[in-house]
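Subject: A structure for you to explore

Hi there,

Here is the structure I promised to pass on. Have a look at it first, and then read my notes below.

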Amino acid sequence: FGDSKDPFPKGSLAGFGAAPRVLLPRTSRSCEETNMRIKKRIIAGLTLIACAALCLGGCAATNGNGENGDGSGESTAERDVLYAEKPSYDGLDLSRYIRLGKYIGLEIPYISTEVTEESVSERIAEIAEQDAVMVNVTDRAIRTGDTVYISYTGTVNGVPFAGGSADNRSVTVGGDDAPYHGMDTMLLGEYGGETVKFELTLPENADSKSAGKTAVFTVRILRVTESRVPEQNDAFAQTHGYRDLADMRRGVREELLQENEKKAETGHADALWKLVTDGCEVLAYPEDIVEQYCEEQYRYFEEYAAAAGISMSRLTEESYSMDTDAFRERCRKFARDAVRDEMALYAIAQAEGIEISDEEYADGVTDYCQRLDCTEDALLGRYGGKEGVRRSLLWEKTLAYLTERAVVAEDTAA
């Protein structure tokens, strides 16, 4: 569910559709050149963006038959709750509900995608850490970070106690996996193959007869291992498909650049649409649509609670620290935000004459099905029917229109 306090996915328009993503240029340029590069990349990627927006429930996890990727399929109730036909705004006089502010020529903040040498080195170090292997240690004493395999027996007043013994138990020195607090640090400076004795005070949650008492542990150190990280050299780079370390640095730099661009996309998209909605004034809400969205979200969580075998009241209390009435009101608030966004979308589309033709719709359905690897029936059934798909295409087209006419701020660090 993302943020435990927020029943809707982060980065979505109140949980009913993702905002557009904006790609940034690789280097600092003039404002005009930056504008052009960003706009071209936004428009080129908007089909994929809208496709992702369509995936509120995760169509990418389905197979060609519209079933879940694990083959379990989905219940009729789940389909009805999550993927009801989206309401239409066609019959509404939107001028009675929303007053648009400025939406043409909005300034998008510049977000740097610079990749530093330090960040490249840190990423390569992370890759090396992932390649680390455990090796036996025989030529030195135990130190922090080692994983030690032990067999031990504990006694209180010479009598073994419940839970006080184990064979071939692994303990990370300096970690939090020791069976008794302080046992790992008592192994520091010892060697594999040795047997040591030491005393520890048992915790209050130990065996009721032994809790809080002093126990004597006899510990046999079976073996000592350490994590060995490979050296960052040409041979290491070659194991990851690069010619040498220099080639790996170039490849990692490119990967980091793509990651930074994706992060910038989200920041740009949020900023652009926030400017649009901040400039709007909601005069009234079409309450039937608000209630439909509110109930869809509430019923989704009811289905989730039922599947988990818990009550709705327990789910809302434990996950969101509120009762069901307060949770329903929270769903209604997010539903109003979603309706505000959709009213703004349709009002802008109407004002600018932006429509989705039958040909664009057919092409869009084909594209979505290919990208999401599902049939048309699965697409329509899972994502709000034809109205839901058409709305996603309208988001794509309208946001491209707004972005073409947006202004990218200067890079103040240039």
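One thing to keep in mind as you read is that this is a predicted model.

Let's start with the backbone. Asparagine 168 sits in strand 5, which covers residues 159-172. Its phi angle is near 55 degrees, a positive value in a residue that is not glycine. Asparagine 168 is also partly exposed, at 49% relative accessible area. Aspartate 373 has a positive phi as well, near 55 degrees, and again the residue is not a glycine. You will find aspartate 373 in the loop that runs between helix 9 (358-372) and helix 10 (376-382). With a relative accessibility of 51%, aspartate 373 counts as exposed.

Next, the cysteines. How many disulfides does the structure hold? The count is 0. Cysteine 369 shows how a pair can miss out: the closest cysteine sulfur belongs to cysteine 374 and is 4.9 Å away, too far for a bond. A disulfide needs the two sulfur atoms within 2.5 Å. Cysteine 369 is buried, with 13% relative accessible area, and cysteine 280 is buried too, at 14%.

Now for the charged side chains. The structure holds 23 salt bridges. One of them joins arginine 143 to glutamate 226, with their closest N and O atoms 3.4 Å apart. Arginine 143 lies in the loop between strand 3 (133-136) and strand 4 (147-156), while glutamate 226 belongs to strand 7 (residues 214-228), so this pair ties together parts that are 83 residues apart in sequence. Arginine 143 is partly exposed at 44%, whereas glutamate 226 is buried at 13%.

Another salt bridge brings together arginine 243 and aspartate 247, at 3.5 Å from N to O. Here arginine 243 is exposed, with 58% relative accessibility, and aspartate 247 is buried, with 13%.

A third example to look up is the salt bridge between arginine 405 and glutamate 404, where N and O are 3.1 Å apart. Both partners are partly exposed: arginine 405 has a relative accessible area of 31%, and glutamate 404 has 39%.

Finally, which residues are joined into one network by salt bridges that share partners? They are Arg140, Arg143, Asp146, Glu226 and Arg228. You have already met the link between arginine 143 and glutamate 226, so that pair is a handy place to begin when you trace the network on screen.

Happy exploring!

Best wishes

Note on methods: Residues numbered from 1 in each chain as written. Predicted model: local features only at pLDDT ≥ 70, side-chain atom pairs only at ≥ 80, totals over all residues. Heavy atoms only, no water. Buried < 20%, exposed > 50% of the residue type's maximum accessible area, 1.4 Å probe, protein only. Helix = DSSP H or I, 4+ residues; strand = E, 2+ residues; numbered from the N terminus. Salt bridge = Lys/Arg side-chain N within 4 Å of Asp/Glu carboxyl O.
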